[in-house]
Structure formats: C-alpha cells, structure tokens
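Please go through the following model from its overall dimensions to its individual residues, keeping the sequence and the coordinates side by side.

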Amino acid sequence: MGNTLIFVGAGLILLGVLVKLGLLSWFGNLPGDIRIEYDRSTVFAPITSMIVLSVVGSVLFSLISRWFGE
C-alpha cells in the first residue's frame, strides 16, 4: 500500500509540473471535444480528451502491473 501511495504522489507531482509549464495546454482542445457557448452558460464535453486519457491510463496501469508482477 505504501509503494502505491508513493507512486501516485510522484505521478501527481509530475502532472502538476507539466500543467505549470504549460505542456498540457492541448488537453481539452482536441478535435472532438465539444464546447457549446450560450450568452449565460457554457457546456463542455471533452470526449476526445477523455478517450486519450483512458487509453494512456490503461497502458500505464498495464505496464505497472506487469513491472511489479501483481
């Protein structure tokens, strides 16, 4: 459990650094992300960005589980 928490914490720190440096500014602006703007409201559905995030997460978790043999 401790190793998992360390890994998740390190991943969150890395993600924070990438956001701070502006390297993830493309996220949410991909073709297929739906943005509908009205006078008083905005509807945003990041469909393509969530598919990319799902694929990357699945690959990472698969690699991690094979690496640690769990």
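Two residues are in contact, as the word is used here, when they have heavy atoms within 4.5 Å. The structure is a predicted model, in which local features need pLDDT of at least 70 and side-chain atom pairs count only at pLDDT 80 or more, while totals for chains, interfaces and linings use all residues. Residues are numbered from 1 along each chain as its sequence is written, and side-chain values use heavy atoms, with hydrogens and water left out.

The chain contains two helices and two strands, where helices (H or I, at least four residues) and strands (E, at least two) are DSSP runs numbered from the N terminus. Along the sequence these elements follow the pattern α-β-β-α.

As for the overall dimensions, the radius of gyration of the chain is 16 Å, whereas a compact globule of 70 residues would have a value near 11 Å; the radius is taken over C-alpha atoms, and the globule rule is 2.2 Å times the number of residues to the power 0.38. Taken along the principal axes, the C-alpha atoms fill a box of roughly 50 × 25 × 20 Å. Among the contacts with a separation of 6 or more, 9% are made by residues 24 or more positions apart. Two separations between C-alpha atoms add to this picture: Leu-21 and Gly-69, 48 residues apart in sequence, are 34 Å apart in space, and Val-59 and Leu-23, 36 residues apart along the chain, are separated by 20 Å.

How much of the chain counts as buried? Of the 70 residues, 7% do, with buried meaning under 20% relative accessible area, exposed over 50%, and partly exposed in between (1.4 Å probe, protein chains only). The accessible surface comes to about 6,100 Å², and 70% of it belongs to carbon and sulfur atoms; these areas come from the Shrake-Rupley method with a 1.4 Å probe, and for residues only the protein chains shown count as cover. At the exposed end of the scale, Leu-21 of helix α1, which covers residues 2-21, has a relative accessible area of 60%.

Ser-49 offers a contrasting case, for this residue of helix α2 is buried, with a relative accessible area of 0%. Leaving aside its neighbours within four places in sequence, Ser-49 is in contact with Phe-27, Gly-28, Asn-29, Leu-30 and Asp-33.

The two strands form a hairpin, β1 and β2, with four residues between them. Strand β2 spans residues 42-45, and β1 pairs with it in the antiparallel sense over four bridges, a pairing being recognised if DSSP finds at least two bridges between two strands. Ile-34 stands opposite Ala-45 in β2, and the bridge partner of Ile-36 in β2 is Val-43. Ile-36, which lies in β1, is partly exposed, with a relative accessible area of 35%, and, apart from its neighbours within four places in sequence, is in contact with Ser-41, Thr-42 and Val-43. In a regular strand the side chains alternate between the two faces of the sheet.

The hairpin and the second helix come together in the description of the surface. Ile-34, Ile-36, Tyr-38, Val-43, Ile-47, Ile-51, Val-55, Val-59 and Leu-63 form a nonpolar surface patch, with about 820 Å² of accessible area together. The elements that give two or more residues to this patch are β1 (34-37) and α2 (47-68), and α2 supplies the largest share, five residues. Patches are made of residues with over 30% relative accessible area and no salt bridge, like charges being joined within 9 Å and nonpolar side chains (Val, Leu, Ile, Met, Phe, Trp, Tyr) within 5 Å; a salt bridge is a side-chain nitrogen of Lys or Arg within 4 Å of a carboxyl oxygen of Asp or Glu. In helix α2, Ile-47 is partly exposed at a relative accessible area of 41%, and Val-59, also found in α2, is partly exposed at 45%.
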